[in-house]
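Me: I should like to understand how the terms used for a protein model are justified. Please take the structure below and explain the reasoning step by step.

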Amino acid sequence: MKVFIAVDMEGATGVVHHDQLMPEGRGYAVAQRYLTGDVNAVIAGILDADHEAEIIVGEGHAIMRNILLDELHPQAQVVVGPARPANKPLCQMEGIDGSVDLCMCVGFHSKAGTPGGLLAHTFVGSVVCNWMMNDKAVGEVEVDAAIAGAFGVPLGLVVGNHELEHEIRAWHPEVEFVSTKQTLGPSAAICRPPSWTRVALRHAARTTMERAKDGAFKPYHIGPTVTMTIETYRREMTDRAVSEHGVVRVDDRRFQCSGPTAADAFRLAWRAIARALDEPASFLQ
Ligand SMILES: [Zn+2]
């Protein structure tokens, strides 16, 4: 079997605070170890079920150079590097294609606007205050599942913060889910140590593989066309986003990107968000 593992960081073992999420933060180096341990545990579980599995890991958080390569399981390959559209038009899903049999999402968090959600946001916390997919508010895992679905690939396992389970089960009741921590608020949680999560993740990944072989998971298809409607925090961000060809303005702060599949709509949305982030130099502001 060929498995694609999309990896974010806010839902990784022990990660609760912004100072663990970027290289300049005090807790980043330790969080990299926790994250790499989570990914290795999932890989070990995949290989328990299929020792010849082909595994592609998609770095999906911020600078997208977070996993410690020299500690990663030798049977995996990793998609490394930032998600500028010229590099990775599918952002954290770059590397998936129709040859993949199963997708897993590891280290994820609840969507922007989730009350009390731990490090909750949707793709770009400084820009996106709400992301809709065909008129439904969605988080990153649901968008990623729809992108995987566009390639005929089902989502089997999600690992993340406990309140994410409620968000996922609403549209994917069959999913295998492991919570790494019990959320208390936006930057605090009751955490399981790596010695617990690594056992739980390995077991869950193995179970997910066995369930997948039995046909438990179906590709997430929406359509026949997909429209992403993105609301930004400031009018200027939407002004810049709609300068991307094909992007449609809805109102002051909302714009729309459509395509025949979620992957097509996402590629356009990601280019629009890159434009939204493109602030003029300070002397021109
Ligand atoms: Zn992230």
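**Reasoning from values to terms**

Reply: In this predicted model, an open sheet of mixed pairing is formed by 7 strands, in the order β3-β2-β1-β4-β7-β8-β9. Its edge strands are β3 (76-79) and β9 (188-191). On average, neighbouring strands of the sheet are turned by 25° against each other, direction ignored.

Me: What makes β3 and β9 edge strands?

Reply: Each of the two pairs on one side only. For β9, the partner is strand β8 (residues 176-185), and the two pair in the antiparallel sense.

Me: How do you know that β8 and β9 pair?

Reply: Two strands pair if DSSP finds at least two bridges between them. Between β8 and β9 there are 4 bridges, so the criterion of at least two is met. Thr 183 stands opposite Ala 189 in β9.

Me: Which helices pack on this sheet?

Reply: Helix α1 (residues 28-49) packs on the sheet and touches β1, β2 (54-59), β3, β4 and β7. The direction of α1 makes about 155° with that of β4. Helix α4 (residues 194-213) also packs on the sheet, touching β4, β7 and β8, and its direction makes about 140° with that of β8.

Me: How is the packing of α1 and α4 described?

Reply: Two packed helices are described by the angle between their axes and the distance between the axes. For α1 and α4 the angle is about 35° and the axes are 7 Å apart. The crossing is right-handed. Residues that make the contact include Tyr 34, Ala 41 and Ile 46 of α1, and Leu 201, Ala 205 and Met 209 of α4. By class, the residues of this contact divide into 11 nonpolar, 4 polar and 6 charged.

Me: What makes the second sheet, β6-β5-β10-β12-β11, an antiparallel one?

Reply: Strands of a sheet pair through backbone hydrogen bonds, either parallel or antiparallel. In this open sheet of 5 strands the pairing is antiparallel. Strand β5 (residues 128-133) and β10 pair in the antiparallel sense over 5 bridges, with Asn 130 opposite Glu 231 in β10. β10 and strand β12 (residues 254-259) also pair in the antiparallel sense, over 6 bridges; here Ile 230 has Phe 255 of β12 as its bridge partner. β11 and β12 likewise run antiparallel.

Me: How do you know that β11 and β12 pair?

Reply: DSSP must find at least two bridges between two strands if they are to pair. β11 and β12 are joined by 2 bridges, so the requirement of at least two is met. Arg 249 has Phe 255 of β12 as its bridge partner. β11 (248-249) and β6 (136-137) are the edge strands of this sheet, and α6 lies across β10 and β12, running at about 145° to β12.

Me: Why is helix α2 (residues 140-150) called mostly covered?

Reply: A residue is buried if 20 or more other C-beta atoms lie within 10 Å of its own. In α2, 11 of its 11 residues are buried, among them Glu 140, Asp 144 and Ile 147. What covers them includes β1 (2-7), β4 (102-108), β5, β7 (155-161), α3 (162-169) and α6 (262-276). Strand β10 (residues 226-232) is also mostly covered, with 6 of its 7 residues buried.

Me: Why is Ala 62 called partly exposed?

Reply: Ala 62 has 18 C-beta neighbours inside 10 Å. A residue is buried at 20 or more and exposed at 12 or fewer; the count of 18 therefore makes Ala 62 partly exposed. Ala 62 is placed in the loop between β2 and β3.

Me: Why does Asn 134 count as partly exposed?

Reply: Asn 134 has 16 C-beta neighbours inside 10 Å, and therefore counts as partly exposed. Asn 134 is found in the loop between β5 and β6.

Me: What makes the backbone at Ala 62, Asn 134 and Pro 224 worth noting?

Reply: Most residues other than glycine have a negative phi, and most peptide bonds are trans. Ala 62 has a positive phi of about 50°, and phi of Asn 134 is near 45°, also positive. Gly 223 and Pro 224 are joined by a cis peptide bond, with omega about 15°. Pro 224 lies in the loop between α4 and β10.

Note on methods
Residues numbered from 1 in each chain as written. Predicted model: local features only at pLDDT ≥ 70, side-chain atom pairs only at ≥ 80, totals over all residues. Contact = placed C-beta atoms within 7 Å. Axes fitted to C-alpha atoms, helices over the stretch in contact; angles between N-to-C directions. Left-handed = near helix turned anticlockwise from the far one by under 90°. Nonpolar A, V, L, I, M, F, W, Y, C, P; charged D, E, K, R; others polar.
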